[in-house]
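This briefing introduces a structure to a reader who has not met it before. Please keep the sequence and the model in view while reading the points below.

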Amino acid sequence: MKYGKFLQKKGMIGFVAPSFGCNIDPYKSAFENALRRWKQQGYGLDLGPNCFEGSGVGISNTPELCGQELTEFYLKADNDCLIACGGGELMCEVLDYVDWEKIAAAPAKWYMGFSDNTNMTYLLATICDTASIYGPCAPSFGMKPQHRVLKDAFAILTGEGAAEHADGICGARDYADHSKDGGNSCAPGKMEGEGIGDAAGTSYRTKKPIPKFCVHGYPKWEIEGIKDEENPLAAYNLTERKILKLYDGTAVNDQSLSNAGAAVSDLPLREYSAVGSDAMLCSAASPGGNCTEGSGRKERNSGYPILTGKEIPETAFEGRLLGGCLDCLVNLLGTCYDHTDEFLEKYKEDGVIWFLDACDLNVFGIRRAMWQMEHAGWFRYVKGFLIGRPLSALEPVMGLDQYQAVLDVAGRKGVPVVMDMDLGHLPPSMPLITGSYAAVHVQGNDIRVEMELRP
């Protein structure tokens with residue numbers, strides 16, 4: 001696995017728009033404010049020709065011009081890293097016009113993007129054996145005030161996050177100062193090569209320590225944003241308290257799995273309290289659940305013992321991070337760009353931690369996607385799952401909820417499944433280094449992901 005060199009002070013940040021560009025507000029104003037901030041901090045700015053474009057269908061420009069921009073700016077020596085201008089809808093159509101052979105053979109460069117940018121972050125890892133950052137797009141850095149997640153993401157690009165954990169220890173984060181705002185204050189085969197670098201660009205194939213980045217979860221999340229054309233720099237509207245869910249497949253026996261296979265219509269109802277409260281699992285079918293009187297929506301119990309928040313014991317697992325937006329991943333599956341099998345075989349001794357973020361998929365779309373990935377063999381070396389909050393699947397459909405949609409596949413792999421973590425289109429979303437070697441630690445309502453830039 002190759003890693004880009006860290007962005008230096010007064011280095012050059014490149015910007016590309018292989019998905020949406022920043023041609024309209026709120027994205028245009030937010031992007032312009034982010035550019036002003038970076039310029040004030042002394043960074044150079046290298047903007048691609050599509051950054052403010054909006055003439056394309058589901059992307060910034062034509063697929064040909066988007067692919068040309070992406071290839072050119074990745075290969076350019078003038079910039080030190082790339083940040084995408086936005087997510088979108090049809091970045092998959094750009095892939096035919098990207099020169100993957102040249103990108104795979106080029107020195108590694110950090111690329112950071114989110115959502116539709118899975119078409120780049122995932123393929124960099126699986127086709128080019130190059131790590132990338134599944135993290136915020138450029139306009140997010142224009143918000144006022146900036147959320148902690150932006151500092152965490154940018155600290156990976158600069159390497160400062162590794163410096164914070166130079167002793168190799170990732171301790172607990174103190175959110176006492178942020179309790180009121182929830183953290184708002186602050187195609188061919190693989191090709192080998194160098195590129196694992198520290199701030200000076202030296203190789204970690206030597207005896208130097210391997211950099212490690214540590215990202216913690218955040219206390220609150222946004223269910224409904226307030227950013228719009230009239231308020232383009234608005235911060236996250238953090239109204240909901242994060243409540244982790246854990247299904248620990250390593251602690252479940254075969255009989256439990258058999259019971260979990262019952263038909264949905266035969267399963268008992270469980271009641272949920274209002275979104276964001278401490279007591280999510282409320283019925284007798286739920287382990288240790290409590291809830292306030294008269295609260296909540298009802299859903300079928302999946303039959304899997306899900307622990308919630310403070311109930312979660314200390315749980316840890318390790319493996320290579322791989323994943324992104326589930327909508328994009330299942331679209332890539334089986335195409336000429338699907339080199340997942342090669343990645344899995346190369347890193348099978350490490351195993352894989354799959355991180356999955358559902359955007360437009362409802363609960364049945366998520367369940368179909370999980371079924372397809374399982375039957376394609378993508379989960380054969382899985383060590384654990386990190387499942388984000390699904391944008392379009394918070395409510396059950398015909399008795400199927402977001403948890404059962406995942407667990408009817410993931411729950412049978414005998415590994416931990418962390419759900420409702422800070423990942424996805426309901427921000428904040430923890431920045432994750434696709435291709436890195438990660439150690440995940442969960443206890444109570446806290447999660448941290450330690451990412452090591454292991455070759």
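Which residue is the bridge partner of H216 in strand 19? In this predicted model, the partner that H216 finds in strand 19 is R448. The points that follow begin with the chain in general, then turn to the sheet and its edges, and end with a single residue in a helix.

**The chain in outline**

- The chain has 455 residues, of which 59% are buried, and its secondary structure comes to 11 helices and 19 strands.
- The area that the chain exposes is about 17,600 Å², and 50% of this is supplied by carbon and sulfur atoms.

**The sheet and its order**

- An open sheet is formed by 9 strands, which follow one another in the order 6-19-18-13-14-15-16-9-12 with mixed pairing.
- Because strand 6 and strand 12 (307-308) each have a single partner strand, they stand at the edges of the sheet, and one side of each is left without a neighbour there.
- Helix 4, made of residues 118-126, packs on this sheet and touches both strand 13 (315-325) and strand 14 (352-357), while the direction of the helix makes about 120 degrees with that of strand 13.
- Elsewhere in the sheet, strand 9 (residues 245-248) runs antiparallel to strand 16 (residues 416-421), and the two are joined by 4 bridges.
- Within this pair of strands, Y247 is the residue that stands opposite V417 of strand 16.

**Strand 6 at its edge**

- Strand 6 is joined by 5 bridges to strand 19 (residues 446-452), and these two strands run antiparallel.
- Although strand 6 is an edge strand with a single partner, 5 of its 5 residues (212-216) are buried, so the strand is largely enclosed by the rest of the structure.
- In a regular strand, side chains alternate between the two faces of the sheet.
- In strand 6 both faces are covered, since K212, C214 and H216 are buried on one side and F213 and V215 are buried on the other.

**E69 in helix 2**

- E69 lies in helix 2, which spans residues 63-75, and its relative accessible area of 1% is under the 20% limit, so E69 counts as buried.
- Apart from neighbours within four places in sequence, the residues in contact with E69 are V16, A17, P18, G48, P49, N50 and C51.
- One of these contacts, A17, is 52 residues away from E69 in sequence, yet the two are 7.9 Å apart in space from C-alpha to C-alpha.

Technical notes. Residues are numbered from 1 along each chain as its sequence is written. This is a predicted model: local features need pLDDT of at least 70, side-chain atom pairs count only at pLDDT 80 or more; totals for chains, interfaces and linings use all residues. Side-chain values use heavy atoms; hydrogens and water are left out. Buried means under 20% relative accessible area, exposed over 50%, partly exposed in between (1.4 Å probe, protein chains only). Two strands pair if DSSP finds at least two bridges between them. Accessible areas come from the Shrake-Rupley method with a 1.4 Å probe; for residues, only the protein chains shown count as cover. Contact means heavy atoms within 4.5 Å. Axes are lines fitted to C-alpha atoms, for helices over the stretch in contact, and angles run from 0 to 180 degrees between N-to-C directions.
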